[in-house]
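Trainee: I should like to go through the assignments in this model and ask what each one rests on.
Mentor: Please do; we shall set each value against its criterion.

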Amino acid sequence: MYKLKAAEWRPEHFKLEVADRVATITLNRPERKNPLTFESYAELRDQYEVQGIGLLEGGVDLFIIETQFDLLGVKAAMNGVRRAMKAVGRRVPIQTQVTIELTGRMLPGTEIAAALGALDPMRPD
């Protein structure tokens, strides 16, 4: 069985909070307005993997990736939980949701059709 090593993780770009069995990962870079870089993407993906392993070992039956404002964040989450499923040897469905502002676009300006076009090839369930 894979050994969960969340205690060893030292986030550089994110903060992690767990309350009432819900884990929240928040971008923690107030000095930068661009949401994700290649380095922070890898850190976020790896954190989703660690959290995903714990959830899978705890019996989760669905991953819900929600309130995403950046497509790279959705991709990091999906790739992280897929890595977790591979490590644990168990597959569960992945549901994704993006946040659309009042402008009809995501925060970086992505229209919903473009978001669907980018996420559909990743095969969320």
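**Assignments and their grounds**

Mentor: Let us begin with Leu116, which lies in helix 3. Please bear in mind throughout that the model is predicted.

Trainee: Why does Leu116 count as exposed?

Mentor: The relative accessibility of Leu116 is 58%, and exposed means over 50%; Leu116 therefore counts as exposed. Its C-alpha is 9.8 Å from that of Leu71, although the two residues are 45 apart in sequence.

Trainee: What is the order of helices and strands along the chain?

Mentor: The pattern is β-β-α-β-α-β-α, with three helices and four strands. Of the 125 residues, 33% are buried. The accessible surface is about 8,100 Å², and carbon and sulfur atoms account for 53% of that area.

Trainee: How do you know that the span of helix 2 agrees with its 18 residues?

Mentor: At 1.5 Å a residue, the expected span is 26 Å, and the end C-alpha atoms are 26 Å apart, so the two values agree. For helix 1, residues 38-57, the distance from the first C-alpha to the last is 29 Å, close to the expected 28 Å for its 20 residues.

Trainee: What is found at the ends of these helices?

Mentor: At the start of helix 2, a side-chain oxygen of Asp70 comes to within 2.7 Å of the backbone nitrogen of Leu72. A polar contact requires N or O atoms within 3.5 Å, and the Asp70 and Leu72 atoms satisfy that distance. After helix 2 comes Gly89, with a positive phi near 85 degrees. Just after helix 1, Gly59 likewise has a positive phi, of about 100 degrees.

Trainee: Which residues of the largest nonpolar core touch the most other members?

Mentor: They are Leu56, Phe63, Ile65, Met78, Met85 and Ile94, in a core of 23 residues. Helix 1, strand 3 (63-68), helix 2 (71-88) and helix 3 (112-119) each give two or more residues to this core. Helix 2 supplies the largest share, eight residues. In soluble globular proteins, nonpolar side chains tend to be buried together.

Trainee: Which elements do the buried residues of helix 2 pack against?

Mentor: They pack against helix 1, strand 3, strand 4 (94-98) and helix 3. The buried residues of helix 2 include Leu71, Val74, Met78, Val81 and Met85. Leaving aside residues up to four places away in sequence, Met85 touches Leu56, Phe63, Arg90, Arg91, Val92 and Ile94.

Trainee: What makes Asp46 and Arg83 a salt bridge?

Mentor: Their closest N and O atoms are 3.2 Å apart. The cut-off is 4 Å between a side-chain nitrogen of Lys or Arg and a carboxyl oxygen of Asp or Glu, so the pair qualifies. This pair links distant parts of the chain, with Asp46 in helix 1 and Arg83 in helix 2, 37 residues apart.

Trainee: Which other side chain meets Arg83 in a salt bridge?

Mentor: Glu49 does, at 3.6 Å from N to O. That pair also links distant parts of the chain: Glu49 belongs to helix 1 and Arg83 to helix 2, 34 residues apart. Asp46 forms a salt bridge with Arg45 as well, with a closest N to O distance of 2.9 Å. Arg45, Asp46, Glu49 and Arg83 are thus named as members of a salt-bridge network. The chain has five salt bridges by this rule.

Trainee: Why are Arg45 and Glu49 called buried?

Mentor: Buried means under 20% relative accessible area. Arg45 has 16%, so Arg45 is buried. Glu49, at 15%, is therefore buried too.

Trainee: What of Asp46 and Arg83, buried or partly exposed?

Mentor: Partly exposed covers the range between the buried and exposed limits. Asp46, at 30%, is therefore partly exposed, and Arg83, at 38%, is partly exposed.

Trainee: How many of the contacts join residues far apart in sequence?

Mentor: Among contacts between residues at least 6 apart in sequence, 65% join residues at least 24 apart.

Methods. Residues are numbered from 1 along each chain as its sequence is written. This is a predicted model: local features need pLDDT of at least 70, side-chain atom pairs count only at pLDDT 80 or more; totals for chains, interfaces and linings use all residues. Side-chain values use heavy atoms; hydrogens and water are left out. Buried means under 20% relative accessible area, exposed over 50%, partly exposed in between (1.4 Å probe, protein chains only). Contact means heavy atoms within 4.5 Å. Accessible areas come from the Shrake-Rupley method with a 1.4 Å probe; for residues, only the protein chains shown count as cover. The expected span of a helix is 1.5 Å times one less than its number of residues. A nonpolar core is a set of buried Ala, Val, Leu, Ile, Met, Phe, Trp, Tyr and Cys residues joined through side-chain atoms within 4.5 Å. A polar contact is a pair of N or O atoms within 3.5 Å; within protein, one must be able to donate a hydrogen and the other to accept it, and residues adjacent in sequence count only if both atoms are side-chain atoms.
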